[in-house]
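Grab a pencil and work through these short exercises with the model open beside you. Try each task before reading its solution.

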Amino acid sequence: MSKSTKKKELNEEEKKELYFELKQLDEEVKKLNTHLENVDDQLAELNSSIDIINKFSELKKGEELRVPITSGIYIKSELTDTTNLMINVGSGVTVEKTPIEVTKILNSQVTELNKYRADIASQMTVIIKRIEEIQKVFE
């Protein structure tokens, strides 16, 4: 009689531990999902930048542009150089690059972010499988 009581208590303790693990895994999935959404936002921004750089090549010297100086505020400007763009390399330092060079840099960033996204998705898959295993115990 004492063995079955002891076993039942052990099962209850194991269930409590599994429930605690389930809650932790659920929180981890939520964090990873937030990371995934951020990566998707960054990828969308990079792809938009690539599209804009590609359109830049179609512009002609002397064309009038509206250049943003702050949110929703623009100045009129005339395009004087259609062969180079200025890219921020950090600490307020900019260097000139051709549109092709800028596109290569952006494509490299897209590649790296896609690898990171795949890693996050893989981690989520492992965690979700574990969650499903734990949920079966409670069925």
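Helices here are DSSP runs of H or I with at least four residues, strands are runs of E with at least two, and both are numbered from the N terminus. One more thing before we start: this is a predicted model.

**Exercise 1. Work out the order of the elements, then decide how spread out the chain is.**

Start at the N terminus and walk along: the elements run α-β-β-β-β-α. Tally them and you get two helices and four strands. Next, take the radius of gyration, which comes to 27 Å, and set it against the 14 Å that the globule rule gives for 139 residues; the value is well over the rule, so the chain is more spread out than a compact globule. Now look at the C-alpha trace along its principal axes, where the spans are about 95 × 30 × 30 Å. Finish with burial: 19% of the 139 residues count as buried.

**Exercise 2. Find out which parts of the chain have the lowest and highest confidence.**

Begin with the overall figure: the mean pLDDT of the chain is 89, and 93% of its residues reach 70 or more. Then split it by element. Helix 1 (residues 2-56) has the lowest confidence, with a mean of 85, while strand 4 has the highest, at 95. Zoom in on residues 1-10 and you'll find pLDDT below 50, plus zero contacts beyond near neighbours in sequence. Where pLDDT is low, the predicted coordinates should not be read in detail.

**Exercise 3. Track down what Leu18 touches, and decide whether Leu18 is buried or exposed.**

First, place the residue: Leu18 sits in helix 1. Second, apply the cut-off. Buried means under 20% relative accessible area, and Leu18 has 18%, so it counts as buried. Third, skip the neighbours within four places in sequence and list the contacts, which are Arg130, Ile134, Val137 and Phe138. Last, check one of these partners by distance: Phe138 is 120 residues away along the chain, yet the two C-alpha atoms are separated by 9.2 Å. For the chain-wide picture, take contacts between residues at least 6 apart in sequence: 56% of them join residues at least 24 apart.

**Exercise 4. Compare two loop residues, Thr82 and Ser91, by accessibility.**

Take Thr82 to begin with; its loop lies between strand 2 (73-78) and strand 3. Its relative accessibility is 25%, so Thr82 counts as partly exposed. Beyond neighbours within four places in sequence, Thr82 contacts Phe56, Leu59, Lys60 and Lys61. Ser57 lies 25 residues from Thr82 in sequence and 7.0 Å away, C-alpha to C-alpha.

Now move to Ser91, in the loop between strand 3 (85-90) and strand 4 (93-97). Exposed means over 50%, and Ser91 reaches 81%, so it counts as exposed. Check the backbone too: phi of Ser91 is near 55°, a positive value in a residue other than glycine.

**Exercise 5. Describe the surface and the charges of the chain.**

Area goes first: the chain exposes about 11000 Å², with carbon and sulfur atoms supplying 52%. Then count charged side chains, which gives 21 positive and 26 negative. Finally, locate the centres of the two sets; they lie 6 Å apart.

Notes: Residues are numbered from 1 along each chain as its sequence is written. This is a predicted model: local features need pLDDT of at least 70, side-chain atom pairs count only at pLDDT 80 or more; totals for chains, interfaces and linings use all residues. Side-chain values use heavy atoms; hydrogens and water are left out. The radius of gyration is taken over C-alpha atoms; the globule rule is 2.2 Å times the number of residues to the power 0.38. Buried means under 20% relative accessible area, exposed over 50%, partly exposed in between (1.4 Å probe, protein chains only). Contact means heavy atoms within 4.5 Å. Accessible areas come from the Shrake-Rupley method with a 1.4 Å probe; for residues, only the protein chains shown count as cover. Lys and Arg count as positive and Asp and Glu as negative; His and the chain ends are not counted. The place of a charge is taken as NZ of Lys, CZ of Arg, CG of Asp or CD of Glu. pLDDT is the predictor's confidence in each residue, from 0 to 100.
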